[in-house]
Amino acid sequence: MSRPLVDDVGGVGDIGDVDGIGGVGGVRDADGTATGAALASARPVESGIGPRTRRVHALRRVPRFFLRRPGLLVSVLVVVLVVLAAFRPGLFTSQDPLHGVPTQNFQGPGGAHWFGTDELGRDLFSRVVHGAQLSLQATLIAVAVAFVVGGLLGLVAGFVGRWVDDVLMRCVDVLLSIPALFLSLALVTALGYGTVKVAVAVGAAGVAGFARVTRAEVLRVRQAVFVEASRSCGARWYSVLGRHVLPNAAGPVIVLATLDFGASVLAVSSLSFLGYGAPPPAPEWGTLISDGRDYLGNAWWLTALPGLAIAATVLATNRVARALDGEWSRQDGDGFRQP
C-alpha cells in the first residue's frame, strides 16, 4: 500500500513501492527519480512544435498531395503554360501571328502548323499563343478591379457597420439584381471599345460578389475572441484591422478571386466575340472564335481549337481554386494529420 508524502518540490503525491513503481504527479521512487515528471516530459507536446518544423512538415506533404490528385497537377501545369504564353510567347512559337501566306490558307492541323491556318494563311497556333497575352491582360485587370473595389466596399461595410453597412449593401444588392453580362455590355457601350475598357466593364460587374464575401468574412472575424481581446487591451482600430481582421478574412476572398479569374476569361472572350475587344487583326481569343465561325463547314479548327484553349484555362483555374478552398487543410483522406 502507498501513503501520501509531501514531495520536496512542494507537491503531494503517492510514494511508490520498494520496486520503484509509483503513482502519478510528482512521485519520487526509491532511487530518488521523479517518475511522473519524467513521463510527462517524455511525451511529445504538439503545441510546442515550432514554425520551422511546421514548414518542413508542409513541404514533405506537397509531393504526395499532388500525386494523389493528378487532375490538380494537370490543372497547375495548364495554368503555368498559359501564364508563360502570356508573358513569354516566344518560348512556344517563333512565327508572326499577323503575317500570313495566302497560298497556305485553310490548312488543317499538322506538323507545320499545329492548329492549322486561317483564311489569310496565318498560323493559328501562334495567334492563340499571342492572344493569351491580350486575353489574360484583360482578365487580370478585371479581377483586380473587382477585388480592390469590392473588397474595400465589403471591408468598410463589415468593419464600420451601422448605417454605412446599410447604404453600401443596398447599392450592392442593386448591382446583384442586374445580370453580369448585361451590366458589362452597358458599361462597355458607355466606355467605348478596347481591351482595357472591356476589362474595366467586366471587373465592375464582379464588384458585388467580392463585396458580399468580404463583408461576411469581416463580420465573422470581428466577433472572434482574439479581436475582442485586442480591443480590450486598448489597441487602435487600424491596428485591429491590419493585424487581425484583414489577415484572417483574406483567405475566402483570394479563393473567390481565383474562381472569378475563370469567369472573367469567359466574360472577356464573350465581349471580344461580340466585337467590343481590340480591333482586328489583334488575336484575342474571343475574336479568333468570331472570325472562324464563318468557316465552320470547311475549317472547323478555326473555332474549335481557340475554344478548347479557353475551356482548358477556365477548367484549370476552377480546379486550382477548389484546391485552395480548404482542400489542402482537409487533405481528403491522405492520412496526414496537421501538427
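This is a short selection-by-selection tour of a predicted model.

**Stop 1: the main core**

Start inside. Select Val128, Val265, Trp285 and Trp301. These residues have the most contacts within the largest nonpolar core, which has 25 residues. Now colour by helix. Helix 3, helix 4, helix 10, helix 11 and helix 12 (301-330) each supply at least two residues of this core. Helix 4 gives the most, with eight residues.

Zoom in on Val265. What does Val265 touch, leaving out residues up to four places away in sequence? Its contacts are Thr139, Trp285, Ile310 and Val314.

Next, select Ala138, Ala142, Val198 and Leu271. They are among the eleven residues of another core, which lies apart from the one above.

**Stop 2: helix 11**

Select residues 285-292, which form helix 11. How many of its eight residues are buried? Six are, and the helix is mostly covered. Highlight Trp285, Gly286, Thr287, Leu288, Ser290 and Gly292 to show the buried ones. Trp285 has already appeared on this tour, as one of the residues with the most contacts in the largest core.

**Stop 3: helix 8**

Move to residues 207-222, helix 8. Put a distance label on its first and last C-alpha. The 16 residues reach 22 Å, close to the 22 Å expected at 1.5 Å a residue.

Now pick out the buried side of the list: Val207, Ala208, Phe210, Ala211, Thr214, Glu217, Val218, Leu219 and Val221. Which helices do the buried residues of helix 8 pack against? Show helix 4 (124-160), helix 5 (162-176), helix 7 (195-205), helix 9 (225-232) and helix 10 (237-273).

Stay on helix 8 and select Glu217 and Arg220. Their side chains meet in a salt bridge, at 2.7 Å from N to O. The two residues are about one helical turn apart, because three positions separate them in helix 8. Is Glu217 buried or exposed? Its relative accessibility is 14%, so Glu217 counts as buried. Arg220 is partly exposed, at 48%.

**Stop 4: a bridge between helices**

Add Asp173 and Arg212. Their side chains form a salt bridge with an N to O distance of 3.4 Å. This pair links distant parts of the chain: Asp173 sits in helix 5 and Arg212 in helix 8, 39 residues apart. Switch on the surface. Asp173 has a relative accessible area of 28%, so it is partly exposed. Arg212 is partly exposed too, at 33% relative accessibility.

**Stop 5: a charged network**

The structure holds six salt bridges. For another one, select Asp118 and Arg122. Here the side chains meet at 2.8 Å, N to O. Both residues are buried. Then add Glu119. Which residues are linked in a network of salt bridges with Glu119? They are Asp118 and Arg122.

**Stop 6: a nonpolar patch outside**

Finish on the surface. Select Val76, Leu77, Val80, Leu81, Leu84 and Leu91. Together they make a nonpolar surface patch of about 480 Å². Centre the view on Val76, which lies in helix 3 (residues 70-87). Val76 counts as partly exposed because its relative accessibility is 30%, and partly exposed covers the range between buried, under 20%, and exposed, over 50%. Helix 3 also supplies at least two residues of the largest core, where the tour began.

Conventions: Residues numbered from 1 in each chain as written. Predicted model: local features only at pLDDT ≥ 70, side-chain atom pairs only at ≥ 80, totals over all residues. Heavy atoms only, no water. Patch = residues over 30% accessible without salt bridge, like charges linked within 9 Å, V, L, I, M, F, W, Y side chains within 5 Å. Areas by Shrake-Rupley, 256 points an atom, 1.4 Å probe, with all protein chains shown as cover. Salt bridge = Lys/Arg side-chain N within 4 Å of Asp/Glu carboxyl O. Helix = DSSP H or I, 4+ residues; strand = E, 2+ residues; numbered from the N terminus. Buried < 20%, exposed > 50% of the residue type's maximum accessible area, 1.4 Å probe, protein only. Expected span 1.5 Å × (residues − 1). Contact = heavy atoms within 4.5 Å. Core = buried A, V, L, I, M, F, W, Y, C linked by side-chain atoms within 4.5 Å.
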